[in-house]
Amino acid sequence: MSFMKKKQYISLYEASKNLKNKKWNSQFLVKKCLKNIFKKNFLLKNFSLLNKSVLSDAINSDRRRSMKRCLSPIDGIPISIKDIIITKNSKTTASSNILRNNSLTYNSTIVNKLKKCGAIIIGKTNMDEFAMGGGSTTGIWGVCKNSNNITKTTGGSSGGAANAITSNMCLGSIGTDTGGSVRLPSTFCNTVGLKPTYGRISRFGIIAFASSLDHVGVITKDVLSSAVLLQYISGYDSRDMTSSARKVDNYIVDINKNVSGTTVGIPIEYLDSAMNTNGQKTITTLIYFLKHNNIRIKYISLKKTEYALPVYYIIAMAEAMSNLSRYTGSLYGEKTINIKNNINNLSFLRGVYLGSEVKKRIMIGSYLLTSEHSHQYYYHSQKIRYKICQDVKSRLASVDFLITLTSPILPYNNFSQPNSLDLYLMDLYTVVPSLSGLPSISLNINNQKHSGIQIIGRPFCEKMLLNFANIIEKLL
Amino acid sequence: MFSTIKNIIKLCFLSRICLSNKQLCKIKIKFNMIVNFLSKLATFDESVMLLTIIPIVKNAYFRCDKYSSVPFSTNKKKSKNNLFKIPIF
């Protein structure tokens with residue numbers, strides 16, 4: 001029995017192989033992607049900005065290949081980046097009105113690394129305003145629509161990035177993940193979303209939402225492509241103080257290694273009645289497959305995870321309030337006109353240009369950080385965060401991986417959006433790896449109508465995680 | 001708990017955000033709902049927290065020892081004093 005939908009699209013790994021064998025060239029790939037963008041983007045709203053020099057970059061890449069000076073396996077492959085990643089002399093809006101004319105003079109580390117490898121940045125993908133949201137609906141570039149069913153949501157905040165892969169507009173996407181922003185859209189759009197360990201990929205040049213929770217992630221069509229893309233963007237960066245100096249493993253070498261004998265932990269807290277029948281079906285079938293492939297299953301308890309969601313939102317909102325206080329119109333953001341009455345003008349500007357979700361989160365962040373409430377909420381949540389990290393890491397000492405569902409619900413309808421609290425509950429399973437900085441990957445199981453699974457690994461063990469995920473992807 | 005418009009206006013001032021009357025009323029309802037949800041933390045038993053202080057200091061010490069260019073692991077007494085002199089960032 002096989003769940004996996006037959007491959008309708010070419011993956012980044014296959015494209016790389018075909019470029020190497022000279023079956024295709026970069027111009028062909030870029031033109032195909034551009035054709036899809038011009039055809040579908042009007043409806044799907046996946047891209048917010050396109051790179052002007054994309055064709056000349058493709059010509060240069062082909063020239064390099066013909067002269068046998070290829071820079072890397074991803075040389076000449078069209079890749080999109082989220083609109084929160086800064087690129088030199090082009091707009092980076094974070095889907096916010098306050099940054100609609102924001103153009104900076106430097107490149108983020110990821111963009112530099114991609115350019116160094118010869119990858120072609122095709123454009124910037126649509127997202128929620130400042131990555132705050134769960135459906136790619138709050139941005140200024142319009143509501144993202146799922147290409148599998150346009151009435152359904154793509155998830156968020158990297159909805160445009162995941163949907164661009166599904167609709168063949170690019171072969172790889174770079175997104176950011178604060179509480180599940182790469183993994184949730186990947187599940188909803190039938191792609192693979194990988195969030196590596198905190199510090200594995202540099203965050204330099206990424207507009208900050210919550211600095212201690214922000215991760216850079218990759219979205220591709222399969223696990224092999226994720227491994228290829230991760231290989232070239234991870235590594236130490238002296239300009240990011242949270243970047244890790246650990247050596248980057250070779251993720252591609254042992255990706256097909258046998259995984260029989262591996263122990264997998266399933267948290268019993270996530271198998272409760274709150275999980276819908278679809279989710280229960282997914283987990284039951286998964287357990288059946290794992291057992292039949294000599295993979296041991298251990299039921300474990302993560303007692304403190306019930307506090308994970310409030311802890312995540314308290315830390316995220318408090319940090320967002322601090323990070324977004326710079327958008328006042330003096331250095332960043334739309335410029336203020338009346339200098340005499342600066343405070344009133346500044347408040348007016350922020351009131352007009354920031355979206356309602358962002359304003360709400362900033363105000364809650366202010367409330368949580370006031371001297372009366374900071375001990376009750378912020379400091380308390382930092383302590384619980386530490387306990388959650390310890391709890392998860394101690395469980396990972398006895399098992400190799402943890403497996404949970406990615407989302408407790410199926411993609412909801414774009415026209416009947418749930419209230420904000422229900423949207424927050426969507427992150428139920430994804431916030432634990434974000435709080436503890438652990439690597440996790442989201443795989444899709446098509447037969448179960450977009451209910452995906454999430455595999456969580458040990459810190460800096462992306463190689464093991466990708467190997468296991470690759471085998472699971474083949475099995476299902 | 002803040003439930004009055006007056007408190008929300010205070011928060012608007014703190015956040016440097018100007019809101020219309022209509023927006024204030026809308027946000028007031030959502031605020032109470034979200035802050036109620038976040039108050040779930042109050043049920044967490046704080047007594048277990050006392051244990052966490054020691055590992056944090058211990059970890060900080062080992063991190064300094066591992067990554068600092070100054071090799072202070074040779075003299076244990078000296079190294080403990082040095083812990084607070086080396087800037088950790």
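The legends below describe close-up views of a predicted model. Local features are given where pLDDT is at least 70, side-chain atom pairs count only at pLDDT 80 or more, and totals for chains, interfaces and linings use all residues. Residues are numbered from 1 along each chain as its sequence is written, chains are lettered from A and ligands numbered from 1 in the order in which they are written, and side-chain values use heavy atoms, with hydrogens and water left out.

**View 1. Strand β11 of chain A and its two pairing partners.** Helices (H or I, at least four residues) and strands (E, at least two) are DSSP runs, numbered from the N terminus. Two strands pair if DSSP finds at least two bridges between them. Strand β11 covers residues 453-456 of chain A. From this strand A:Ile453 and A:Ile455 point one way, while A:Gln454 and A:Ile456 point the other way. All of these residues are buried (under 20% relative accessible area; exposed is over 50%, partly exposed in between; 1.4 Å probe, protein chains only). Strand β9 (residues 401-405) pairs with β11(A) in the antiparallel sense over four bridges, and A:Leu405 stands opposite A:Ile453. Strand β10 (residues 440-443) also pairs with β11(A) in the antiparallel sense, over four bridges. Here A:Ser442 is the residue opposite A:Gln454.

**View 2. Surroundings of A:Leu50 in strand β1 of chain A.** Strand β1 spans residues 47-50. A:Leu50 is partly exposed, its relative accessible area being 37%. Neighbours within four places in sequence aside, A:Leu50 is in contact (heavy atoms within 4.5 Å) with A:Ile37, A:Phe38, A:Ile122 and A:Gly123. A:Asn126 lies 76 residues from A:Leu50 in sequence, and the C-alpha to C-alpha distance is 11 Å.

**View 3. A nonpolar surface patch that includes A:Tyr299.** A:Ile268, A:Leu271 and A:Tyr299 make up the patch and together have about 270 Å² of accessible area. Patches are made of residues with over 30% relative accessible area and no salt bridge; like charges are joined within 9 Å, nonpolar side chains (Val, Leu, Ile, Met, Phe, Trp, Tyr) within 5 Å. A salt bridge is a side-chain nitrogen of Lys or Arg within 4 Å of a carboxyl oxygen of Asp or Glu. Accessible areas come from the Shrake-Rupley method with a 1.4 Å probe; for residues, only the protein chains shown count as cover. A:Tyr299 belongs to strand β8 (residues 296-300) of chain A and counts as partly exposed because its relative accessibility is 46%.

**View 4. A:Thr305 in the loop between β8 and α9 of chain A.** Helix α9 takes in residues 308-323. A:Thr305 is buried, with a relative accessible area of 10%. Outside its neighbours within four places in sequence, A:Thr305 is in contact with A:Glu269, A:Tyr270 and A:Val432.

**View 5. Two cysteines, A:Cys389 and B:Cys18.** The structure holds zero disulfides over all chains (a disulfide is a pair of cysteine sulfur atoms within 2.5 Å). For A:Cys389, the nearest cysteine sulfur is that of A:Cys461, 16 Å away. For B:Cys18, the nearest is that of B:Cys12, at 7.9 Å. A:Cys389 counts as buried because its relative accessibility is 12%, whereas B:Cys18, at 38%, counts as partly exposed.

**View 6. Chain B, with four helices and zero strands.** From the N terminus on, the elements run α-α-α-α. Buried residues make up 29% of the 89 residues in chain B. The accessible surface of chain B comes to about 6600 Å², with 64% of it belonging to carbon and sulfur atoms.
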